[in-house]
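The following exercises concern a predicted model. Each consists of a task and a solution that proceeds step by step.

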Amino acid sequence: METSGFRYLDGQLHCDGMPVSEIADEYGTPLFLYSKETLLRRLAAFREAFSDHDPLICFSVKSLANISILRMMAGAGCGFDIVSGGELYRVLQAGGQPSKTVFAGVGKSRPEIEFALRHNVHMFNVESESEMRLIRRVADELGCRADVAIRVNPDVDAQTHEKTTTGKKENKFGIDIGSARRLAIETKEFSSVVLRGLHVHLGSPIYDTTPYERGLAKIAEFRGQLAEEGIEIDTVNLGGGYCMSYTGEQVPGPASYAEAMAPGLNEMGTDLILEPGRHVAAPAGVFIVRTLHRKTTGDGKTFVIADGAMNDLLRPALYGAFHRIWPAYSSDGMPEVVRPDDDNPGGGDTEKVDIVGPVCESSDCMAKDRAIPRVNEGDLLAIFDTGAYGYTMSSNYNGRPRAAEVLVGANGPVLIARRETYNDLVVREELTAI
Ligand SMILES: Cc1ncc(COP(=O)(O)O)c(C=O)c1O
């Protein structure tokens, strides 16, 4: 946890110096808790690693979208990577600059394109010929110009989870290079759409720098082919996917990615856009839950039933994702490294349990056969590295109000999203007799 603001001091988990138990007592559980210091430090380290190329860093809104956090990221110089009109609305509410915002996604609708054009987003990352035609039509109607990048599908295997791989030819994302070339040539004829960029996003998280090098090589070659057609590409966007460590083991940091990409980037000399989300945000957040019940079956299997569930944190159910989980009170703290198959991490007294939530699905299991120190009813558990793709993926399934979000800054904790109420669950619905 050396790059995280979450530390055990005197046997208690703290967030930027504040005992997590005090924050949980004040704001209740389940609770997403973020460390401002960690977010800003990881962003700064990422920027520093790529400083030779002076990139526009477009923080990926889908990873962590609270408007207070987006405001903070904008204040730190970030632009944004968005994939919907709703995410653009968030950026605007947060005071982010559309002129630093790039719009990806395979299914942009006409109203979303119009919304983005009216706000002058920096670039659309176009993912199909049909989308390019629609952007052109809407730009013509509005009498404005759309700057676009083609999102290339380079058919590069990012060696990550099947459900989070996006750069292989069987994935729905981007346009294969042959089709992209035809589309680029066609686009030259229209003045309302200007092709300025090439975009690639291979998947997430990517634990190796090689896929980036291969993606970049394909982009560089393609850019050369376009130059021969008289099409000048001045911006390359290498997307997100930069890893962080869910187990606490060493993984490549931003400097490794920057070093691997430097030769390709130097050769092209274009403007650079990067879209990190997880790398910056995941270790800056912890999901705090309270143990409601313990139950041991006749076979001796123990379930720890927490008040947080798959509706709050979907990743384990959706991807079988691993998160370190440890009691908020632990006299020896948490071992630095906890692997999925560890029988007794840290070597202290532990018991193997399934950590589950109240949702009526067997997949509502945040950890299976996990060795942790014993927790009793009422004890707090911390689910680490949940700052990215935690709250943003949450839902109201099983009639469960969404959790609260709290950000700890220099002046202590601040509520940045209140816990939903039962009324929030029905407020948009009409009670009609039909
Ligand atoms: C186009 C695009 N850019 C950036 C990201 C952010 O990825 P990560 O959070 O892994 O950095 C994603 C994630 O899905 C994406 O689809």
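**Exercise 1. Cis peptide bonds**

Task: Determine in which loop Pro-30 lies, and state the geometry of the bond joining Thr-29 and Pro-30. Then treat the bond from Ser-204 to Pro-205 likewise.

Solution:
1. Pro-30 belongs to the loop between helix H1 (20-27) and strand S4 (31-35).
2. Thr-29 and Pro-30 are joined by a cis peptide bond, for which omega is about -5 degrees.
3. Pro-205 occupies the loop between strand S10 (193-199) and helix H8 (210-228).
4. From Ser-204 to Pro-205 the peptide bond is cis, and omega is near -10 degrees.
5. As background, most peptide bonds are trans.

**Exercise 2. Backbone of Asp-369**

Task: State the sign of phi at Asp-369 and the strand in which this residue is found.

Solution:
1. Asp-369 is part of strand S17, which covers residues 365-372.
2. Its phi is positive, about 45 degrees, although Asp-369 is not a glycine.
3. For context, most residues other than glycine have a negative phi.

**Exercise 3. Two helix pairs**

Task: Classify the packing of H2 against H9 and of H5 against H6.

Solution:
1. Two packed helices are described by the angle between their axes and the distance between the axes.
2. For helix H2 (residues 36-49) and helix H9 (residues 254-268), the angle is about 20 degrees and the axes are 8 Å apart.
3. Angles under 35 degrees count as roughly parallel, and H2 and H9 are therefore roughly parallel to each other.
4. The crossing in which H2 passes H9 is right-handed.
5. For helix H5 (residues 110-118) and helix H6 (residues 129-142), the angle is about 50 degrees, with 10 Å between the axes.
6. H5 and H6 are therefore oblique to each other.
7. H5 also passes H6 in a right-handed crossing.

**Exercise 4. The largest pocket**

Task: Describe the lining of the largest pocket and explain why the pocket lies between two domains.

Solution:
1. The largest pocket holds about 1,000 Å³ of space.
2. Its lining comprises 42 residues, and those nearest the centre are Lys-62, Val-83, Glu-87, Tyr-389 and Thr-392.
3. By class, 15 lining residues are nonpolar, 15 are polar and twelve are charged.
4. At least two lining residues come from each of helix H4 (85-93), helix H10 (278-281) and strand S20 (412-417).
5. Because domain 1 (6-34 + 282-426) and domain 2 (97-276) both contribute residues to the lining, the largest pocket lies between them.

Methods. Residues are numbered from 1 along each chain as its sequence is written. This is a predicted model: local features need pLDDT of at least 70, side-chain atom pairs count only at pLDDT 80 or more; totals for chains, interfaces and linings use all residues. Side-chain values use heavy atoms; hydrogens and water are left out. On a 1 Å grid over the protein atoms alone, a cavity is a set of points where a 1.4 Å probe fits but cannot get out, and a pocket is an open set with protein on both sides within 12 Å along at least five of seven lines; lining residues have an atom within 4 Å of a point. Grid points are joined across faces, edges and corners, and a volume is the space filled by probe spheres set on the points. Helices (H or I, at least four residues) and strands (E, at least two) are DSSP runs, numbered from the N terminus. Ala, Val, Leu, Ile, Met, Phe, Trp, Tyr, Cys and Pro count as nonpolar, Asp, Glu, Lys and Arg as charged, and the others, Gly among them, as polar. Domain bounds come from an automatic or database domain assignment. Axes are lines fitted to C-alpha atoms, for helices over the stretch in contact, and angles run from 0 to 180 degrees between N-to-C directions. Angles under 35 degrees count as roughly parallel, over 145 as roughly antiparallel, 65 to 115 as roughly perpendicular and the rest as oblique. A crossing is left-handed if the near helix is turned anticlockwise from the far one by less than a right angle, and right-handed if clockwise.
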